[in-house]
Amino acid sequence: MLLPRADLYLQDEVHFAFHPTLTRLWCLKGRRGQRLVEAPGDNRKVYGFGLVDWRDGWFDGRIAPGRTADVFCDQVRSAVARSKARGRVAIIIADNLKTHTAQGSLLVRSLLTELKEHLSLIYTPAYDPDANRIEWLWRISRRVVTHHHHRSDFALLLADVEHHFQALAQTPADVLRHIGSPFAPDKDQTVPLSLAQAA
């Protein structure tokens, strides 16, 4: 059995679009009372690749122009290298996107052959966000980065994503709370403002 000598990771992607995401909010009745959100007229997007350790909240966040196998494989390699350095194997839960599977990607097929002694990839069912709790973290990411944002420059939005990923990497206990991990310490404590503003 792998679990006693394994690190369990959750992996997923999220997209960040330049067009702000809109959410429900209260405003006065009628057109004059409506809140206007200015759109940039440009809907460029990037993808965030995230990987988190279910037990200790270690987070690896990356940004890429698409959900490609090369970035996925690089992230998996980083997790495996971290676990090997700890004398452990890596179990990674990911969705069954084509670029995550040996059937859909030669890079993943090669990766699985190369790291077969140190890696086990487990795929979640389609359309089941509760099967991979890192998706709960993306609710926070969207609220922090793109909900009602007022950025007029795409580079500034990218900087917001990078800053947010750095904040996640520096607050593993809060990451564990957000994904509902039973290993989160002091679960009754409030979340610091940097992440709580999104909750």
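Two strands are taken to pair if DSSP finds at least two bridges between them. The model discussed here is predicted.

Q: How many helices and strands does the secondary structure of the chain come to?
A: Read along the sequence, the chain follows the pattern β-β-β-α-β-α-β-α-α-α-α. The secondary structure therefore consists of helices and strands as DSSP runs, and the count comes to 6 helices and 5 strands.

Q: In what order do the strands form the open sheet?
A: The pairing in this open sheet is mixed. Its edge strands, which each pair on one side only, are β3 (59-64) and β5 (119-123). Neighbouring strands are turned by 20 degrees against each other on average, direction ignored. The 5 strands stand in the order β3-β2-β1-β4-β5.

Q: How many bridges join β4 to β5?
A: Strand β4 (residues 89-94) runs parallel to β1 (residues 6-17), and 5 bridges join these two strands. On the other pairing, β4 and β5 also run parallel. The number of bridges joining β4 to β5 is 5.

Q: Which residue of β4 is the bridge partner of Leu10?
A: Strands β1 and β4 run parallel and are joined by bridges. The partner residue in β4 stands opposite Ile122 in β5. The bridge partner of Leu10 is Ile93.

Q: How many of the 6 residues of β4 are buried?
A: Both faces of the strand are covered. On one side, Val89, Ile91 and Ile93 are buried, and on the other side Ala90, Ile92 and Ala94 are buried. Strand β4 is mostly covered, and the number of its residues that are buried is 6.

Q: What distance separates the C-alpha atoms of Ala94 and Ile122?
A: Ala94 lies in strand β4 and is buried, with a relative accessible area of 0%. Beyond four places in sequence, Ala94 touches Gln11, Phe72, His100, Ile122, Tyr123, Thr124 and Asn132. Although Ala94 and Ile122 are 28 residues apart along the chain, their C-alpha atoms are separated by 6.3 Å.

Q: Is Asn132 buried or exposed?
A: Asn132 is placed in the loop between β5 and α3 (134-145). Its relative accessibility is 2%, and the cut-off for a buried residue is under 20%. Asn132 therefore counts as buried.

Q: Which residue has the backbone oxygen that the side chain of Asn132 reaches at 3.4 Å?
A: Leaving aside neighbours within four places in sequence, Asn132 is in contact with Leu10, Gln11, Asp12, Ile93, Ala94, Asp95 and Thr124. The side chain of Asn132 reaches, at 3.4 Å, the backbone oxygen of Ile93.

Q: At what angle does helix α4 run to β3?
A: Helix α1 (residues 69-85) lies across β1, β2 (45-53), β3, β4 and β5, running at about 150 degrees to β1. Helix α4 (residues 154-170) lies across β1, β2 and β3. The angle at which α4 runs to β3 is about 165 degrees.

Q: What is the handedness of the crossing of α1 and α2?
A: The axes of α1 and helix α2 (residues 106-114) come within 9 Å and cross at roughly 20 degrees. Angles under 35 degrees count as roughly parallel, so α1 is roughly parallel to α2. The contact is made by Ala69, Asp70, Phe72, Cys73, Val76 and Arg77 of α1 and Leu107, Val108, Leu111 and Glu114 of α2. The crossing is right-handed.

Q: At roughly what angle do the axes of α3 and α4 cross?
A: The crossing of α3 and α4 is right-handed. The residues that make the contact include Leu137, Trp138 and Ile140 of α3 and Leu157, Asp160 and Val161 of α4. The axes of α3 and α4 come within 10 Å and cross at roughly 135 degrees.

Q: Which residue has a backbone nitrogen 3.1 Å from a polar atom of the side chain of Ser181?
A: Ser181 is placed in the loop between α5 (172-178) and α6 (193-196) and counts as buried at 0% relative accessibility. Its side chain reaches the backbone oxygen of Trp54 at 2.8 Å. The backbone nitrogen at 3.1 Å belongs to Phe183.

Q: What percentage of the 199 residues in the chain is buried?
A: Of the contacts in the chain with a separation of 6 or more, 70% are between residues 24 or more positions apart. Buried residues make up, of the chain, 42%.

Methods: Residues are numbered from 1 along each chain as its sequence is written. This is a predicted model: local features need pLDDT of at least 70, side-chain atom pairs count only at pLDDT 80 or more; totals for chains, interfaces and linings use all residues. Side-chain values use heavy atoms; hydrogens and water are left out. Helices (H or I, at least four residues) and strands (E, at least two) are DSSP runs, numbered from the N terminus. Axes are lines fitted to C-alpha atoms, for helices over the stretch in contact, and angles run from 0 to 180 degrees between N-to-C directions. Contact means heavy atoms within 4.5 Å. Buried means under 20% relative accessible area, exposed over 50%, partly exposed in between (1.4 Å probe, protein chains only). A polar contact is a pair of N or O atoms within 3.5 Å; within protein, one must be able to donate a hydrogen and the other to accept it, and residues adjacent in sequence count only if both atoms are side-chain atoms. Angles under 35 degrees count as roughly parallel, over 145 as roughly antiparallel, 65 to 115 as roughly perpendicular and the rest as oblique. A crossing is left-handed if the near helix is turned anticlockwise from the far one by less than a right angle, and right-handed if clockwise.
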